[in-house]
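The following exercises concern a single protein chain and its ligand. Each task is followed by a worked solution.

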Amino acid sequence: LNLAILISGRGSNMKALLEAARDPAYPAKPVLVLSNRPDAGGLETATAEGVATAVVDHKDFGKDRVAFERAMDARLEAAGIEIIALAGFMRVLTPWFVEKWSGRLINIHPSLLPKYKGLDTHQRAIDAGDAEAGCSVHWVTAGVDEGAVIQQAHVPILPGDTAQTLAARILPEEHSLYPEALARACAEIKARA
Ligand code: GRF
(Lines give C-alpha, C1' and ligand atoms only; values in the text may rest on other atoms or scores of the structure.)
Protein backbone atom coordinates (compact mmCIF):
# COMPACT_ATOMS: atom_id res chain seq x y z
CA LEU A 1 0.00 0.00 0.00
CA ASN A 2 1.24 3.51 -0.79
CA LEU A 3 2.11 5.12 2.53
CA ALA A 4 2.24 8.77 3.58
CA ILE A 5 3.81 9.68 6.90
CA LEU A 6 2.68 12.95 8.49
CA ILE A 7 5.15 14.65 10.84
CA SER A 8 5.68 17.92 12.70
CA GLY A 9 9.11 17.41 14.26
CA ARG A 10 12.20 15.25 14.55
CA GLY A 11 10.57 12.23 12.89
CA SER A 12 12.24 9.38 14.74
CA ASN A 13 9.11 7.22 14.34
CA MET A 14 8.98 8.16 10.67
CA LYS A 15 12.59 6.99 10.37
CA ALA A 16 11.71 3.65 11.99
CA LEU A 17 8.93 3.18 9.42
CA LEU A 18 11.20 4.13 6.50
CA GLU A 19 13.82 1.66 7.71
CA ALA A 20 11.29 -1.17 8.04
CA ALA A 21 9.98 -0.39 4.55
CA ARG A 22 13.41 -0.90 2.99
CA ASP A 23 12.47 -4.59 3.04
CA PRO A 24 10.72 -5.20 -0.30
CA ALA A 25 8.40 -7.64 1.48
CA TYR A 26 7.11 -4.91 3.81
CA PRO A 27 3.43 -4.24 3.03
CA ALA A 28 3.67 -0.42 2.93
CA LYS A 29 5.71 1.62 0.47
CA PRO A 30 6.57 5.13 1.72
CA VAL A 31 5.89 7.54 -1.12
CA LEU A 32 5.44 10.83 0.73
CA VAL A 33 6.50 12.47 3.99
CA LEU A 34 4.31 15.49 4.66
CA SER A 35 5.02 18.09 7.36
CA ASN A 36 2.93 20.99 8.60
CA ARG A 37 6.15 22.70 9.72
CA PRO A 38 8.82 23.79 7.23
CA ASP A 39 11.52 23.34 9.92
CA ALA A 40 10.66 19.76 10.90
CA GLY A 41 13.92 17.84 11.33
CA GLY A 42 12.33 14.71 9.88
CA LEU A 43 12.16 16.29 6.41
CA GLU A 44 15.94 16.01 6.00
CA THR A 45 15.90 12.42 7.21
CA ALA A 46 13.21 11.55 4.67
CA THR A 47 15.16 13.18 1.85
CA ALA A 48 18.28 11.25 2.90
CA GLU A 49 16.17 8.06 2.69
CA GLY A 50 15.13 9.00 -0.84
CA VAL A 51 11.47 9.65 0.00
CA ALA A 52 9.60 12.64 -1.46
CA THR A 53 8.66 15.35 1.01
CA ALA A 54 6.07 18.11 1.05
CA VAL A 55 5.28 20.95 3.43
CA VAL A 56 1.75 22.23 3.95
CA ASP A 57 2.22 24.97 6.54
CA HIS A 58 -0.89 25.33 8.70
CA LYS A 59 0.08 28.97 9.34
CA ASP A 60 -0.74 29.77 5.71
CA PHE A 61 -4.40 28.95 6.39
CA GLY A 62 -5.04 31.02 9.52
CA LYS A 63 -7.83 29.49 11.56
CA ASP A 64 -9.29 27.57 8.63
CA ARG A 65 -8.44 23.99 9.58
CA VAL A 66 -10.41 22.43 6.77
CA ALA A 67 -8.64 24.58 4.14
CA PHE A 68 -5.31 23.37 5.59
CA GLU A 69 -6.51 19.79 5.44
CA ARG A 70 -7.84 20.17 1.89
CA ALA A 71 -4.36 21.30 0.84
CA MET A 72 -2.83 18.24 2.54
CA ASP A 73 -5.49 16.01 1.05
CA ALA A 74 -4.68 17.26 -2.46
CA ARG A 75 -1.02 16.26 -1.97
CA LEU A 76 -2.05 12.87 -0.59
CA GLU A 77 -4.44 12.18 -3.49
CA ALA A 78 -1.86 13.32 -6.06
CA ALA A 79 0.62 10.82 -4.58
CA GLY A 80 -1.89 7.95 -4.73
CA ILE A 81 -1.80 7.41 -0.97
CA GLU A 82 -3.63 4.37 0.42
CA ILE A 83 -2.63 4.53 4.09
CA ILE A 84 -1.52 7.41 6.32
CA ALA A 85 0.64 7.07 9.44
CA LEU A 86 0.71 10.04 11.81
CA ALA A 87 4.13 10.18 13.47
CA GLY A 88 4.43 13.09 15.87
CA PHE A 89 1.96 15.11 13.79
CA MET A 90 0.86 17.85 16.17
CA ARG A 91 -2.33 19.19 14.55
CA VAL A 92 -5.74 17.96 15.61
CA LEU A 93 -7.56 16.74 12.51
CA THR A 94 -11.15 17.73 11.80
CA PRO A 95 -13.93 15.16 11.33
CA TRP A 96 -13.87 16.02 7.60
CA PHE A 97 -10.32 14.72 7.15
CA VAL A 98 -10.69 11.84 9.59
CA GLU A 99 -13.86 10.62 7.92
CA LYS A 100 -12.42 10.97 4.44
CA TRP A 101 -9.45 8.75 5.42
CA SER A 102 -11.39 6.57 7.83
CA GLY A 103 -9.96 3.05 8.08
CA ARG A 104 -6.74 4.18 6.37
CA LEU A 105 -5.38 6.52 9.06
CA ILE A 106 -3.32 5.43 12.08
CA ASN A 107 -1.38 7.18 14.85
CA ILE A 108 1.21 6.41 17.51
CA HIS A 109 0.64 7.75 21.01
CA PRO A 110 3.02 7.50 23.98
CA SER A 111 0.65 6.01 26.55
CA LEU A 112 -1.26 2.83 27.20
CA LEU A 113 -4.54 4.02 25.70
CA PRO A 114 -7.27 4.54 26.81
CA LYS A 115 -5.12 6.12 29.53
CA TYR A 116 -3.66 9.60 29.00
CA LYS A 117 -5.04 10.83 25.74
CA GLY A 118 -3.60 14.17 24.63
CA LEU A 119 -0.37 15.78 25.79
CA ASP A 120 2.06 15.33 28.70
CA THR A 121 1.42 11.58 28.87
CA HIS A 122 4.67 10.59 30.61
CA GLN A 123 4.31 13.02 33.51
CA ARG A 124 0.66 12.09 33.96
CA ALA A 125 1.51 8.37 34.20
CA ILE A 126 4.21 9.12 36.79
CA ASP A 127 1.93 11.45 38.80
CA ALA A 128 -0.78 8.79 38.88
CA GLY A 129 1.66 6.34 40.51
CA ASP A 130 1.26 3.82 37.66
CA ALA A 131 3.58 0.80 37.72
CA GLU A 132 3.85 0.78 33.94
CA ALA A 133 3.53 2.96 30.89
CA GLY A 134 3.97 2.38 27.18
CA CYS A 135 2.81 3.30 23.73
CA SER A 136 -0.13 2.51 21.48
CA VAL A 137 -0.77 2.47 17.75
CA HIS A 138 -4.43 3.09 17.00
CA TRP A 139 -6.87 3.84 14.21
CA VAL A 140 -7.69 7.53 14.11
CA THR A 141 -11.28 8.60 14.68
CA ALA A 142 -12.73 12.08 15.21
CA GLY A 143 -12.09 11.99 19.00
CA VAL A 144 -8.43 12.72 19.81
CA ASP A 145 -6.59 9.43 20.66
CA GLU A 146 -9.98 7.64 20.81
CA GLY A 147 -9.83 5.05 18.02
CA ALA A 148 -9.42 1.27 18.38
CA VAL A 149 -5.97 0.15 19.48
CA ILE A 150 -4.05 -1.97 16.95
CA GLN A 151 -1.08 -2.86 19.16
CA GLN A 152 0.68 -1.69 22.36
CA ALA A 153 4.06 -2.06 24.05
CA HIS A 154 4.61 -1.84 27.82
CA VAL A 155 7.55 -0.59 29.89
CA PRO A 156 7.94 -0.35 33.67
CA ILE A 157 7.89 2.99 35.48
CA LEU A 158 10.91 2.96 37.81
CA PRO A 159 11.51 4.83 41.08
CA GLY A 160 12.99 8.24 40.35
CA ASP A 161 11.65 8.37 36.81
CA THR A 162 11.07 11.79 35.30
CA ALA A 163 9.04 12.52 32.19
CA GLN A 164 12.37 12.59 30.33
CA THR A 165 13.69 9.22 31.57
CA LEU A 166 10.34 7.57 30.99
CA ALA A 167 10.04 9.03 27.48
CA ALA A 168 13.56 7.76 26.74
CA ARG A 169 12.47 4.25 27.83
CA ILE A 170 9.31 4.33 25.74
CA LEU A 171 10.71 5.84 22.52
CA PRO A 172 12.71 2.76 21.40
CA GLU A 173 9.56 0.70 22.03
CA GLU A 174 7.67 3.07 19.73
CA HIS A 175 10.27 2.48 17.05
CA SER A 176 9.79 -1.28 17.10
CA LEU A 177 6.03 -1.15 17.68
CA TYR A 178 5.09 1.20 14.85
CA PRO A 179 6.44 -0.84 11.92
CA GLU A 180 4.75 -3.97 13.29
CA ALA A 181 1.43 -2.26 13.92
CA LEU A 182 1.48 -0.56 10.51
CA ALA A 183 1.99 -3.96 8.89
CA ARG A 184 -1.04 -5.22 10.81
CA ALA A 185 -3.09 -2.24 9.67
CA CYS A 186 -2.11 -2.96 6.05
CA ALA A 187 -3.19 -6.58 6.46
CA GLU A 188 -6.53 -5.42 7.83
CA ILE A 189 -7.05 -3.02 4.92
CA LYS A 190 -6.20 -5.73 2.38
CA ALA A 191 -8.54 -8.22 4.11
CA ARG A 192 -11.38 -5.66 3.84
CA ALA A 193 -10.93 -5.14 0.10
C1 GRF B 1 6.43 10.34 19.86
O2 GRF B 1 6.60 10.17 21.24
C3 GRF B 1 5.03 9.97 19.45
O4 GRF B 1 4.50 8.91 20.18
C5 GRF B 1 4.26 11.23 19.77
O6 GRF B 1 5.12 12.28 19.42
C7 GRF B 1 6.48 11.82 19.48
C8 GRF B 1 7.07 12.04 18.12
O9 GRF B 1 8.44 11.78 18.07
N10 GRF B 1 2.99 11.22 19.09
P11 GRF B 1 9.16 11.61 16.67
O12 GRF B 1 8.92 12.89 15.88
O13 GRF B 1 8.60 10.41 15.98
O14 GRF B 1 10.61 11.45 17.00
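**Exercise 1.** Determine whether Cys186 is buried, partly exposed or exposed in this predicted model.

*Solution.* Step 1: count the other C-beta atoms within 10 Å of that of Cys186; there are 19. Step 2: apply the cut-offs, by which a residue is buried at 20 or more such atoms and exposed at 12 or fewer. Step 3: the count of 19 lies in between, and therefore Cys186 is partly exposed.

**Exercise 2.** State in which helix Cys186 lies, and which residues it touches beyond four places away in sequence.

*Solution.* Step 1: Cys186 is located in helix H6, which spans residues 163-192. Step 2: once residues up to four places away in sequence are set aside, Cys186 touches Leu1, Pro27, Ala28 and Ile83. Step 3: for the separation from Glu173, take the C-alpha atoms; the two residues are 20 Å apart in space and 13 residues apart in sequence.

**Exercise 3.** Identify the buried residues of helix H1 and the elements that cover them.

*Solution.* Step 1: the buried residues of H1 are Asn13, Met14, Ala16, Leu17 and Leu18. Step 2: recall that an α-helix has 3.6 residues a turn, so residues three or four places apart point the same way. Step 3: the cover over the buried residues of H1 includes the strands E1 (2-7), E2 (29-35), E4 (83-86) and E5. Helices H2 (42-48) and H6 are also part of this cover.

**Exercise 4.** Describe the shell around the ligand by residue, by element and by class.

*Solution.* Step 1: the ligand is surrounded by 14 residues, of which the closest are Arg10, Ser12, Asn13, Gly88 and Pro110. Step 2: at least two residues of the shell come from each of helix H1 (12-20) and strand E5 (105-109). H1 gives the most, with three residues. Step 3: sorted by class, the shell has six nonpolar, six polar and two charged residues. Asn13 thus appears twice in these exercises, among the closest residues to the ligand and among the buried residues of H1.

**Exercise 5.** Characterise the fold of the whole chain and explain why it is as compact as a globular protein of that length.

*Solution.* Step 1: the chain has six helices and seven strands, arranged along the sequence as β-α-β-α-β-α-β-α-β-α-β-β-α. Step 2: its radius of gyration is 16 Å, close to the 16 Å that the globule rule gives for 193 residues, so the chain is as compact as a globular protein of that length. Step 3: buried residues make up 37% of the 193 residues. Step 4: of the contacts with a separation of 6 or more, 68% join residues 24 or more positions apart.

How values were computed: Residues are numbered from 1 along each chain as its sequence is written. This is a predicted model: local features need pLDDT of at least 70, side-chain atom pairs count only at pLDDT 80 or more; totals for chains, interfaces and linings use all residues. A residue is near a molecule or strand if its C-beta atom, placed from the backbone, lies within 6 Å of it. Ala, Val, Leu, Ile, Met, Phe, Trp, Tyr, Cys and Pro count as nonpolar, Asp, Glu, Lys and Arg as charged, and the others, Gly among them, as polar. Two residues are in contact if their C-beta atoms, placed from the backbone, lie within 7 Å. The radius of gyration is taken over C-alpha atoms; the globule rule is 2.2 Å times the number of residues to the power 0.38.
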